[in-house]
Amino acid sequence: MESQHDQASTSPEASTPTPEQLRALTHPIRLRLLGILRINGSATATDLARMTELNTGSTSYHLRILAKYGFIERDSELSSGRKLFWKAKQLYTTVEDPSPDSDDIENKLDAAGAFMQVAATETTRQILQAASDWRTMDTAWQKATTMSDYAMMLTPHEADDIAKEVQGILLNAMQQHPLIHHDTKRSQGSKKTDGSTTDPQRKAVEMQFHLFPIAQGLLR
């Protein structure tokens with residue numbers, strides 16, 4: 001969860017859902033649709049149905065739920081007539097880590113726990129896909145791709161400090177290298193002139209960061 005980083009929780013590019021909103025996002029298809037819109041930019045239900053191999057009716061239903069709970073919105077610049085384009089409202093989602101004495105603590109913990117399980121499933125799907133694709137990547141991207149883990153003995157406070165430091169680096173990198181979908185006109189065929197999209201080696205990249213105590217059963 002990214003919520004322990006102060007910059008993430010205050011950034012206008014971040015969404016910190018309420019428990020009710022978080023439950024609406026606790027669905028693998030909705031999480032995947034939101035991710036596609038954040039990375040690829042605006043798209044229609046038909047576009048997204050083709051990408052996810054779902055039928056348009058099901059895709060439209062999940063998009064309406066995402067819109068109802070504030071994760072996406074209609075792209076008025078691209079929509080025309082009955083052709084409706086959707087776009088993500090924020091770049092990433094943070095989850096509140098409620099203090100033990102906060103109001104409605106059980107409801108918040110249940111919603112956050114359910115979301116973490118769905119997010120872990122989607123993350124695993126992406127990792128497995130990347131591993132499957134690795135053999136056919138060009139040499140430069142094979143070298144750049146890494147799937148590493150770093151085990152160490154830490155206190156909760158030490159772990160929190162390291163998480164904040166790493167998340168700060170990644171958030172700064174996101175700001176320096178924003179996703180293409182910020183340029184809505186590109187969806188209509190135009191390109192930026194600063195070289196950011198003309199380099200054939202430049203791709204949308206996802207850096208995933210996880211920190212958790214290792215289950216005791218795995219240490220035996």
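This briefing walks through the helices, the sheet and the nonpolar core of the structure above. Please keep in mind that the model is predicted. Its largest nonpolar core has 25 residues, and an open sheet of three strands runs in the order β2-β4-β3. We start with the core, then turn to helix packing, the sheet, and two individual spots.

**The nonpolar core**
- Within the largest nonpolar core of 25 residues, the ones with the most contacts are Leu37, Leu63, Leu66 and Ile72.
- At least two residues of this core come from each of α2 (19-25), α3 (28-40), α4 (45-52), α5 (56-68), β4 (85-88) and α6 (105-133).
- Helix α3 gives the largest share of this core, namely six residues.

**How the helices pack**
- Two packed helices are described by the angle between their axes and the distance between the axes.
- For α3 and α4, the packing angle is about 110° and the axes lie 11 Å apart.
- An angle from 65 to 115 degrees counts as roughly perpendicular, so α3 is roughly perpendicular to α4.
- The crossing in which α3 passes α4 is right-handed.
- The axes of α4 and α5 come within 9 Å and cross at roughly 110°, which makes α4 roughly perpendicular to α5.
- Here too the handedness is known: α4 passes α5 in a right-handed crossing.

**The sheet**
- Strands of a sheet pair through backbone hydrogen bonds, either parallel or antiparallel.
- In the open sheet β2-β4-β3, the pairing is antiparallel.
- Strands β2 (43-44) and β3 (72-74) are the edge strands, each pairing on one side only.
- Antiparallel strands β3 and β4 are joined by three bridges.
- Opposite Arg74 stands Trp86, a residue of β4.

**Around Arg64**
- Arg64 is found in helix α5.
- Its relative accessibility is 49%, and since exposed means over 50% and buried under 20%, Arg64 counts as partly exposed.
- Arg64 and Trp86 are 22 residues apart in sequence, and their C-alpha atoms are 9.8 Å apart in space.

**Helix α8**
- Helix α8 covers residues 156-176, which is 21 residues.
- At 1.5 Å a residue, α8 should span 30 Å, because the expected span uses one less than the number of residues.
- The end C-alpha atoms of α8 are 30 Å apart, which agrees with that expected span.
- The buried residues of α8 include Ala159, Ala163, Gln167, Gly168 and Leu171.

How values were computed: Residues numbered from 1 in each chain as written. Predicted model: local features only at pLDDT ≥ 70, side-chain atom pairs only at ≥ 80, totals over all residues. Heavy atoms only, no water. Helix = DSSP H or I, 4+ residues; strand = E, 2+ residues; numbered from the N terminus. Buried < 20%, exposed > 50% of the residue type's maximum accessible area, 1.4 Å probe, protein only. Core = buried A, V, L, I, M, F, W, Y, C linked by side-chain atoms within 4.5 Å. Pairing = 2+ DSSP bridges. Axes fitted to C-alpha atoms, helices over the stretch in contact; angles between N-to-C directions. Parallel < 35°, antiparallel > 145°, perpendicular 65-115°, else oblique. Left-handed = near helix turned anticlockwise from the far one by under 90°.
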